Amino acid sequence: MDLCCAHVKNPSLSPLLLRNSFSERPFSCYLAKVGSVRPEDGRLLEIRVASRKASSLVVRAMGKKNHDNSSSSGNGDRSIPEGDSLKGNNPSDGNKSNDTASQKPHLIEDWREFRAALFAREQAEKVDPEAHKQGGTPQEPNPLGLKWAHPIPVPETGCVLVSTEKLDGVRSFERTVVLLLRSGTRHPQEGPFGVVINRPLHKKIKQMKPSNPDLTTFADCSLHFGGPLEASMFLLKTGENQKLPGFEEVIPGLCYGARNSLDEAAKLVKQGLLKPQDFRFFVGYAGWQLDQLREEIESNYWYVAACSPNVINGVSAESSSGLWEEVLQLMGGHYSELSRKPKKDT
């Protein structure tokens, strides 16, 4: 990823925010290491990200009060384009020009989507290098669809690990997509772990005759193979219930739980806050030591990718069989070609 420069300006002309929250001079950073930027309450910021090449991308955001005292890690952050949430708050808004009113910037709700848009722009520049040589503007990339994926250099919570042909013949991981529930960087003593999300077992919980009474609430839920290690986990779509006590967020709109939080999950269903269909249950999980996963990635056993929530949340027992190919195709380039290669003979 190219070295980028972010310019932050405060239209309210208050020097306090710039002095306390950002350096007064433009600062440079590697995009892969950027999490999110949270403006102060009521302060309108314009963040301009410009690569060393000719193009740039502007995101406008307004600070919002943090009523739940959530962390600033990026979960729950919202970037609000100018004119979206502010519309109608100022009586003078109706006097703005038609040109300004006609601008409808895309609402970026997740910093991962912001990064994906930058990645798409960079790929478009690589496809059209002559435009830069001649001082022109390259063709704008197509807007991000509901489903997108792109490679990232290191694993992070909520990314996916896509098995390479080196794992063909390894029964547990052949042609699998593993959703990383924790990257292991915050909890290095535990190491990274996740669940395979494209291996349905074609069985329902009620067929296993569970002894745990909480599981009867989910009797008609399908079971999935999550990995070779012994433990059961589940994923739950949270929808608008973004913060649920007892569950850890993986990506916006998706949390996970284990056996010790099963009773809380059953209560949410009985209270009508969630439905049994919002849950996916996994038998087993995949786990590594931190150095072990890093070595496997460097040895080309896994591709690491960031995906849109629609790719992960849209997986069902019926559709999961084609997820490995779908993610590689969304990643584009040579990854798309690999998705069409036959399995390696073992």
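K166 sits over the face of Y301, 5.3 Å from the centre of the ring. Keep in mind that this is a predicted model. Y301 turns up again among the contacts of T164, and from there we can look at strand β6, helix α6, the nonpolar cores and the aromatic rings.

**Around T164**
- You'll find T164 in the loop between β6 and β7.
- Is T164 buried or exposed? Its relative accessibility is 3%, so T164 counts as buried, the cut-off being under 20%.
- If you skip its neighbours within four places in sequence, T164 is in contact with N300, Y301, W302 and Y303.
- N300 comes just after α6 and has a positive phi of about 70 degrees.

**Strand β6 and its partners**
- Strand β6 covers residues 160-163. V160 and V162 point one way, L161 and S163 point the other way, and all of them are buried.
- Which way does β6 run against strand β7 (residues 177-182)? The two pair in the antiparallel sense, over 3 bridges.
- Within β7, V177 is the residue that stands opposite V162.
- β6 also pairs with strand β15 (residues 302-307), again in the antiparallel sense, this time over 4 bridges.
- L161 has V304 of β15 as its bridge partner.

**Helix α6**
- α6 spans residues 290-298, and L293, E296 and I297 are buried there.
- Why do these buried residues end up on the same side of α6? They cover an arc of only 100 degrees around the axis, so they share one side of the helix.
- Here's the handy background: an α-helix has 3.6 residues a turn, so residues three or four places apart point the same way.
- Flip to the other side of α6 and you meet E295 and E298, which are exposed.
- What do the buried residues of α6 pack against? They pack against β6 and β15.

**The nonpolar cores**
- In soluble globular proteins, nonpolar side chains tend to be buried together.
- The largest nonpolar core here has 29 residues, and V160, L179, L181, I197, L235 and V327 touch the most other members.
- Which helix gives the most to this core? That's α8 (residues 323-331), with 5 residues.
- V327 touches A149, V160, V162, C307 and V311, leaving out residues up to four places away in sequence.
- There is also a second, separate core of 18 residues, and I205, C221, A266 and F279 are included in it.

**Aromatic rings**
- How many aromatic pairs does the structure hold? There are 11.
- One of them joins F218 and F279, a tilted pair with 4.8 Å from centre to centre and 55 degrees between the planes.
- F218 is in the loop between β9 (200-204) and β10 (222-225), while F279 is in strand β14 (residues 279-287), so this pair ties together parts that are 61 residues apart in sequence.
- Both F218 and F279 are buried.
- Then there's F234 with F247: their ring centres are 6.1 Å apart and their planes are at 65 degrees, so the pair is edge-to-face, since that label goes to planes over 60 degrees apart.
- F234 belongs to strand β11 (residues 229-237) and F247 to the loop between β11 and β12 (248-251), so the parts they tie together are 13 residues apart in sequence.
- F234 and F247 are both buried too.
- Ring pairs link F218, F234, F247, F279 and F281 into a cluster.

Technical notes: Residues numbered from 1 in each chain as written. Predicted model: local features only at pLDDT ≥ 70, side-chain atom pairs only at ≥ 80, totals over all residues. Heavy atoms only, no water. Buried < 20%, exposed > 50% of the residue type's maximum accessible area, 1.4 Å probe, protein only. Pairing = 2+ DSSP bridges. Phe/Tyr/Trp six-rings, centres within 6.5 Å; stacked < 30°, edge-to-face > 60°. Lys NZ or Arg CZ within 6 Å of the ring centre and 35° of its normal. Core = buried A, V, L, I, M, F, W, Y, C linked by side-chain atoms within 4.5 Å. Contact = heavy atoms within 4.5 Å. Arc of directions from axis to C-beta.
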